Every structure is written in structure tokens, then in C-alpha cells.
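User: I would like to go through the labels attached to this structure one at a time, with the reasoning behind each of them.

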Amino acid sequence: MNRWRGVAATALGAIILTLAAGCGGSKPAAPAAAPAPAPAPAAAPKPAEAPKSKGKVFVGYPSIPDLSDAPSMLAWDELIKMGYDVVPKFLATPELLVQAVVRDEIPVGIATSFAFLQARQKGSPLKAIAQQVANEWSLVGRGKTKTLADLEGAKLAQHSAAATGKMMTDALMKAKAPNVKPQVLYVPGSENRADAMIKGTIDATTVELADLVRLQAKLSDLNLMASFAETLPDLMFSVFIVKEDMIKKNPELLKDIIKASLQANRRFYDDTAGFSERVPKYYPAVDQATLPQVLDLYKKFKVYPINGGLESAAQKFTIDFYVDAGQLEKGQTPELAFDRSLLDAVLKDIGKK
Amino acid sequence: MQTAAAQGLPHTRPRRRRRVSPALVRTISVIAFLTVWQIAGSYSDGLSIPTLSNTVRAWWKLALNGELLQALAASLQATLLGFGFAGLFGMTAGLLTGWYQWLEESLDIYWSLLLVLPMMALAPIIIVVFGFSLAARVIIVFLFAVVVIVVNTATGVRQVDHALVDMARSFGANGRQLFFRILLPAAMPGAVAGLRLGLGRSFAGMVAAEMLVSSVGMGNLVTHYASRFEPEYVFAAVITTVAVAIGVMHSMRLLERRFVAWKTADRG
């Protein structure tokens with residue numbers, strides 16, 4: 001009997017400890033990711049001297065954030081000044097993010113344009129209301145992998161089968177090297193693919209500007225095979241997405257988010273040095289050595305839309321690109337997928353640059 | 001015993017107890033499950049739970065265009081290689097660990113560690129060392145399967161009746177005879193149970209590895225269609241994987257009956 005009492009007491013203690021650990025408050029955990037995930041950024045701070053509270057606002061990100069997400073994270077400061085309690089949610093993939101928005105778990109998400117349009121194709125009632133980031137991607141190779149022809153049998157890493165980077169590469173190869181067959185591997189995360197490139201486990205990959213600069217600094221034999229930022233500037237990479245009814249239900253919240261995002265983007269161009277100092281607050285993993293060079297490229301390619309992006313030409317180009325790539329069925333139109341009404345209202349308020 | 005009539009009670013026929021066939025119960029439960037699935041899918045948002053009918057259509061398309069067979073072949077390659085190595089290593093290590101107490105005491109902590117370790121946490125390290133290759137996938141499958149094989153085989157050895165061992169020794173059996181005539185047959189039930197469990201874990205490891213490090217196989221099929229919001233194809237791939245795993249594990253049962261027929265015969 002005593003032995004069973006001891007066993008029961010131990011089991012009860014274990015359960016209590018487990019519950020206590022689970023109930024303990026903590027900042028949002030970094031989402032699961034493939035090799036070598038970057039450290040999760042700090043959670044948005046509470047307002048020091050908050051104006052009248054406007055409540056919590058959840059903003060969803062489709063992966064572990066990187067440098068290109070920095071302005072949208074710095075926009076949290078703008079939202080905090082407006083009285084919001086910002087709660088960022090970092091999900092593992094764009095698909096999870098889209099599903100969270102569809103299920104009303106997150107009112108606003110930042111999704112890749114492809115994931116957004118795919119979900120719309122399946123009947124999800126989503127709209128894109130502003131652009132987050134423009135196209136900043138490049139295709140790079142290492143050593144003997146200099147041209148598209150050199151990709152024959154080479155290990156070419158992409159984010160996933162449905163990644164925009166893969167589609168851009170496929171479109172380029174279809175046009176210029178249709179018979180070349182690389183060995184495609186899937187490695188989620190530009191940073192992880194850059195690491196794999198440095199270690200020599202892959203021969204080519206698509207990377208964001210920040211990782212391009214890092215690779216150029218580390219590898220003497222890096223070859224820039226294509227700059228999609230230059231050749232496909234109208235391809236919208238990531239957009240702010242909401243459920244359609246949210247636009248009517250809570251337009252003021254959405255306008256505040258767009259306004260905060262635009263203000264953060266504009267501060268980047270007006271005060272790039274200040275941006276460098278503010279970035280580590282929400283993105284501690286920033287590489288300070290290469291940051292100035294990266295920011296110059298961001299300015300050159302206008303990666304952060306100062307007027308919210310979503311131009312008519314870009315809307316049409318983005319849809320047509322995916323349709324021509326065979327990834328989207330015909331039938332989606334810019335009018336159905338995109339809604340500029342809130343963005344236009346914000347631009348009327350703060351002016352167009 | 002008096003009849004009902006003799007007791008003055010109304011006369012009734014004895015009622016026969018109807019025995020419901022287990023096969024009928026199983027069939028009805030499967031039909032009920034499939035019906036609930038179809039209904040749930042029709043109320044879903046289209047991004048998560050597909051209907052049964054869409055899943056069947058998706059499976060058919062994948063089967064016809066060869067994608068399913070190609071993915072299955074790639075997956076089975078990694079699974080069978082990983083499981084094969086795990087089986088060989090696991091049974092050898094299990095037999096030795098079970099027989100030599102000093103070895104058990106030395107290695108037990110490592111088996112316990114591997115039992116509780118989330119294997120996918122090791123995946124990034126495996127990728128760094130072995131790259132994005134078949135070797136990496138095989139190693140992940142191996143790690144998923146090996147520990148249960150070792151532990152079950154060792155348990156099988158420890159449960160060998162020492163009276164048999166003593167008897168064999170008293171009749172002059174040498175070490176080799178002891179091992180092949182007494183130890184191995186007696187430990188077989190535990191070892192085969194471990195192999196069956198290991199096989200199931202091999203399939204789990206295979207899918208997990210392919211979702212992480214590969215552009216081939218069933219895991220990749222799942223990731224590919226999940227990223228395109230096509231859950232019917234995801235379900236089709238998962239169901240195929242499960243069906244193949246069950247089929248292979250059923251084959252293991254036949255193996256079990258062959259090698260431990262004496263054990264199953266004991267149960268009569």
C-alpha cells in the first residue's frame with residue numbers, strides 16, 4: 001500500500017509540474033522550421049504611456065521573420081502609439097497563416113501572393129489590401145555553376161514546391177534553358193539555403209537580398225545567375241491579407257495597420273541610419289557587418305513600398321505570372337483578389353510619395 | 001425441473017441468443033466513419049478536410065499519372081534500407097545487451113535517451129553531416145526504428161527461462177550452441193515484436209524525413225499538396241502510406257508465425 005501511495009504521489013507531482021510549466025506565460029514560441037532556424041524576435045513591447053487602448057491586434061507572419069520583415073515589425077511601434085496592443089503570431093508556413101486568417105484566428109496576415117491566390121482559388125473569401133514586400137529574389141550558383149546550363153544535374157535548393165522563388169526559376173529555365181534538369185531539393189528559409197550554400201551541400205539556390213549580400217561576403221566563387229528583383233519587379237512577393245468581411249467589419253483597424261506599415265516603410269527611406277539602429281529591437285539576429293550594403297540594395301530595388309504597392313499593373317502581372325506558370329487556374333481577376341479601398345483612404349490621409 | 005406449464009406459468013419458447021458477427025460490426029463502423037467523413041468534408045472550408053469522394057478522385061488521379069507509384073518507390077527505398085539496418089543492428093545490439101549485464105548497464109541510458117528524444121530534433125545535424133541525400137533519409141528512418149528493436153530484443157533475451165540455460169549447460173552445450181539453440185529461439189518472440197514496432201516507426205520516420213529533407217517520396221507529396229491547399233491529395237497520400245504500412249506489417253505477422261510458430265501454437 002505504501003509503495004502505491006508513493007507511486008501516486010510521484011505521478012501527481014509530475015502532472016502538477018507539467019501543468020505549471022504549460023500555464024507559465026511566455027512570449028510567442030518561434031515556429032518549427034527546417035535546419036538552423038533563426039532566433040525568434042522579441043515580442044512587441046507593451047506601450048509605456050498608452051493612449052486610449054484600442055485593444056489587441058494580432059498580426060500573422062508566415063515563417064520565422066527575416067530582415068525584409070523588419071519594417072512591418074517596426075510598424076508595431078506605430079500601432080502601439082495609436083493605442084494597440086500588438087500580438088505577433090509566427091506560423092511555420094504561409095499555408096498555415098492563410099488558414100488561420102480564414103478561420104478568424106488572426107484578423108490580418110502577411111502571406112506570399114501565391115499562397116493567397118491559391119487559397120482564393122479554393123474558394124477562401126480573402127482579399128489583399130496592401131503589399132508588404134516587393135520582389136527581392138536572386139538565383140545564385142557556386143563554383144562551376146555559373147549559367148543556367150550548368151544547373152544540369154546540379155543540386156538546386158528551393159523553399160518548397162509551391163514557392164515563388166521556384167516558380168521564378170522555373171519560368172526562367174523554361175524560357176532560356178528548357179532541357180536542363182537540376183536536382184531540386186527543398187530547404188525552407190532563405191537563410192538556411194544560404195547556410196547550405198556556404199557549407200557546399202548545394203550548388204545553386206534562390207535567396208533574398210540580405211542572404212545574397214552575406215553569400216557575396218563569404219564566398220569568393222559566388223555567381224549571380226539571375227536577379228529577379230530586376231527582371232520581375234512587378235511580381236508582388238508578399239501582401240497583407242484579410243477576410244473579405246473584415247473590410248466592412250473593422251475598416252479602422254485595417255487602415256491603422258496599413259498606415260503604420262506605410263509610415264515604417266517611409267521612415268526606412270527617410271532615415272536609413274536610424275532604421276539600422278532600430279532593426280535589432282525586433283530582429284536581433286541582424287548581421288550588422290553586411291546591413292549597410294543590404295539596406296542600399298533595399299533602397300535600390302524599392303523593396304518596401306512607400307505607397308503600399310498593389311498597383312494595377314502589379315496586380316495583373318502577379319496573377320498572369322502564376323497562370324502562365326501553370327500554377328493558377330484562369331478566372332481570378334485583380335478586382336476579385338485585391339482591394340485598394342483602405343489603402344487609398346490611408347494615402348488620402350497621409351499623402352502619396 | 002418442472003415445465004412452465006406445470007408451474008402454472010404461460011408457455012414461451014426458449015429465446016436463442018443472437019451472436020452479432022464481428023465482421024458485420026466492423027463493416028458498419030467503417031461505413032459510419034466514411035459517412036461522417038463525407039459529411040464533415042462537405043462542411044469544411046475547403047482548405048483542411050476534403051470530402052471522401054474528392055479524396056478518392058484525387059487518389060485515382062495520382063495513381064493514373066504515376067505520381068503515387070513514383071513517390072511510393074522512393075519512400076520504400078529509404079524505409080526498407082533504414083529498417084534493414086535498424087533490424088540488423090538492433091537485433092545484434094539487443095541480443096548482446098540482453099545477455100551481458102555489464103553491457104546493459106553501460107548502454108541502458110543511451111537507449112532510454114533515444115527512446116524519448118524527438119528524432120526530428122536531430123534532423124538538422126544529420127543534414128549538415130550527410131547533406132540532402134538518400135543517406136540522410138535512411139539514417140533518420142534508422143534512428144526512428146532502432147531503439148524499439150534493441151529494447152524489445154533485449155527484453156526477449158532477459159525473459160529466457162534460466163532453467164533452459166542451466167539444463168543446456170548441464171548437458172555440455174558450448175557458448176555457440178547455447179546461443180543458437182536456446183537463447184535465439186527463446187528471444188525470438190520479443191525480437192519479432194520489436195521488429196514489428198520498428199517497422200511501424202520506420203514508416204513514420206520516412207514520412208517525417210521526406211517532409212523535411214527531400215523532394216521525393218510520400219512525405220514530399222504531402223508537403224507539396226499541402227502547400228497548394230489541396231487537402232484531398234494530402235489525404236490520398238497519407239491513406240496510401242498507412243495502407244502500405246499496414247500491408248507490410250501484416251507481412252511481418254506472417255514472418256512471426258514462421259519463426260515463432262511454436263509460440264503461437266502454445267496459445268492454441
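**Labels and their reasons**

Analyst: In this predicted model, A:Arg120 and A:Glu244 form a salt bridge, and their closest N and O atoms are 3.7 Å apart.

User: What makes the contact of A:Arg120 with A:Glu244 a salt bridge?

Analyst: The rule asks for a side-chain nitrogen of Lys or Arg within 4 Å of a carboxyl oxygen of Asp or Glu, and the closest N and O atoms of A:Arg120 and A:Glu244 are 3.7 Å apart, so the pair counts as a salt bridge. Because A:Arg120 lies in helix H4 (residues 113–121) of chain A and A:Glu244 in helix H9 (residues 244–249) of chain A, the pair ties together parts that are 124 residues apart in sequence.

User: Why is A:Arg120 called buried, and why is A:Glu244 called partly exposed?

Analyst: Buried means under 20% relative accessible area, and partly exposed lies between that and the 50% above which a residue is exposed. A:Arg120 has a relative accessible area of 15%, so it is buried, whereas A:Glu244 has 35% and is therefore partly exposed.

User: How do you know that A:Arg267 and A:Glu78 meet in a salt bridge, and which parts of the chain does the pair link?

Analyst: The N to O distance between their side chains is 2.8 Å, which is within 4 Å, so the pair meets the rule. It links distant parts of the chain, with A:Arg267 in helix H10 (residues 251–270) of chain A and A:Glu78 in helix H2 of chain A, 189 residues apart. A:Glu78 counts as buried because its relative accessibility is 9%, while A:Arg267, at 33%, counts as partly exposed.

User: How many aromatic pairs are there over all chains, and why is the pair of A:Tyr61 and A:Trp76 called edge-to-face?

Analyst: The count comes to 21 aromatic pairs over all chains. The ring centres of A:Tyr61 and A:Trp76 are 6.1 Å apart and their planes stand at 80°; centres within 6.5 Å make a pair and planes over 60 degrees apart count as edge-to-face, so this pair is edge-to-face. A:Tyr61 lies in strand S1 (residues 55–61) of chain A and A:Trp76 in helix H2 (residues 70–81) of chain A, so the pair ties together parts that are 15 residues apart in sequence. Both A:Tyr61 and A:Trp76 are buried.

User: What makes the rings of A:Phe321 and A:Tyr322 an edge-to-face pair?

Analyst: Their centres are 5.6 Å apart and their planes are at 70°, so the pair is edge-to-face. A:Phe321 and A:Tyr322 are both buried.

Terms used: Residues are numbered from 1 along each chain as its sequence is written. Chains are lettered from A and ligands numbered from 1 in the order in which they are written. Side-chain values use heavy atoms; hydrogens and water are left out. Rings of Phe, Tyr and Trp (its six-membered ring) pair if their centres lie within 6.5 Å; planes under 30 degrees apart count as stacked, over 60 as edge-to-face and the rest as tilted. Helices (H or I, at least four residues) and strands (E, at least two) are DSSP runs, numbered from the N terminus. Buried means under 20% relative accessible area, exposed over 50%, partly exposed in between (1.4 Å probe, protein chains only).
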